[in-house]
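Colleague: I should like to learn how to read a structural model step by step. May we begin with the ligand and then turn to the chain around it?

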Amino acid sequence: MRGFWLLVHVLGFTLWLGGGIATMVAGISAKNFAPTERLRSYKLIGAIQRLLVGPGAIAVVLSGIVLSMPYMRSGDMPGWLNLMMGAGVLGALAAVGISVPTAAKLGRLETDARGELPEAFQALRKRQILAASIAGGLGLIAMFAATLGKG
Ligand code: HEM
């Protein structure tokens, strides 16, 4: 069974971190687009966040909890594991609690009467950048802990 949960774990952080990087590249590329096209890009980003990042982050935490049972039972928790768990859980909370819902709000925006970006756009975009950077950064810390940290 350990192999199965490890597979869920690896698929989960592939979807989460891959979707996060796709969000970053799409958001930066869309900066040069006209307002209507730019908002369309945010509909795609909303789908990436909802279908890849959210389920990926949830899968990582659920499989991580199952994988950590033997460690908890034995009471022997190595430092790299504690770091992976702490950074991973906080990162998943930022992704599922802030980044995914903000992407959904951005995906629902329409241009205003003058055909420009609506007033709410910049604030939501800033929130999205902050939450996604924190979530992705913590995910990477967990990745470093599980690889370089484990040695
Ligand atoms: C984005 C976040 C995360 C990443 C990138 C990540 C990465 C990894 C990797 C690469 C491994 C394989 C290590 C190995 O077997 O050599 C692993 C295993 C594991 N992860 Fe995570 N992880 C994350 C989050 C979490 C969380 C949130 C938990 C717990 C709640 C967790 C618990 C575990 C456990 C218990 C193992 C098995 C360790 C072993 O028995 O060798 N991970 N993780």
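Modeller: Certainly. Please keep in mind that this is a predicted model. One may begin with the classes of the residues around a ligand; here the shell around the ligand has 14 nonpolar, seven polar and one charged residues.

Colleague: How many residues surround the ligand, and which are the closest?

Modeller: The ligand is surrounded by 22 residues. The closest are Gly-64, Leu-67, Gly-88, Ala-142 and Ala-146.

Colleague: Which elements give two or more residues to this shell?

Modeller: Four elements do so: α1 (2-29), α2 (35-74), α3 (79-108) and α4 (120-149). The largest share comes from α2, which contributes seven residues.

Colleague: What pattern does the protein chain follow along the sequence?

Modeller: A pattern lists the elements in sequence order. In this case the protein chain reads α-α-α-α, with four helices and zero strands.

Colleague: How should I describe the dimensions of the protein chain, and what percentage of its residues count as buried?

Modeller: One takes the span of the C-alpha trace along its principal axes, which for the protein chain is about 65 × 25 × 20 Å. As for burial, 32% of the 151 residues of the protein chain count as buried.

Colleague: What do the contacts say about positions along the sequence?

Modeller: One asks how many positions separate the two partners. Among contacts in the protein chain with a separation of 6 or more, 83% are between residues 24 or more positions apart.

Colleague: At what angle do α2 and α3 pack, and why is their arrangement described as roughly antiparallel?

Modeller: α2 and α3 pack at an angle of about 155°, and their axes are 9 Å apart. Angles over 145 degrees count as roughly antiparallel, and the pair α2 and α3 is therefore described in that way. The contact of α2 with α3 comprises 18 nonpolar, eight polar and two charged residues. In addition, α2 passes α3 in a left-handed crossing.

Colleague: Where do the axes of α3 and α4 stand, and how do these helices cross?

Modeller: The axes of α3 and α4 come within 8 Å, crossing at roughly 155°. By the cut-off already given, angles over 145 degrees being roughly antiparallel, α3 and α4 are therefore roughly antiparallel to each other. The contact of α3 with α4 divides into 20 nonpolar, seven polar and three charged residues.

Colleague: Is the crossing of α3 and α4 left-handed or right-handed?

Modeller: α3 passes α4 in a left-handed crossing.

Terms used. Residues numbered from 1 in each chain as written. Predicted model: local features only at pLDDT ≥ 70, side-chain atom pairs only at ≥ 80, totals over all residues. Buried ≥ 20, exposed ≤ 12 C-beta atoms within 10 Å, placed from the backbone. Contact = placed C-beta atoms within 7 Å. Near = placed C-beta within 6 Å. Nonpolar A, V, L, I, M, F, W, Y, C, P; charged D, E, K, R; others polar. Axes fitted to C-alpha atoms, helices over the stretch in contact; angles between N-to-C directions. Parallel < 35°, antiparallel > 145°, perpendicular 65-115°, else oblique. Left-handed = near helix turned anticlockwise from the far one by under 90°.
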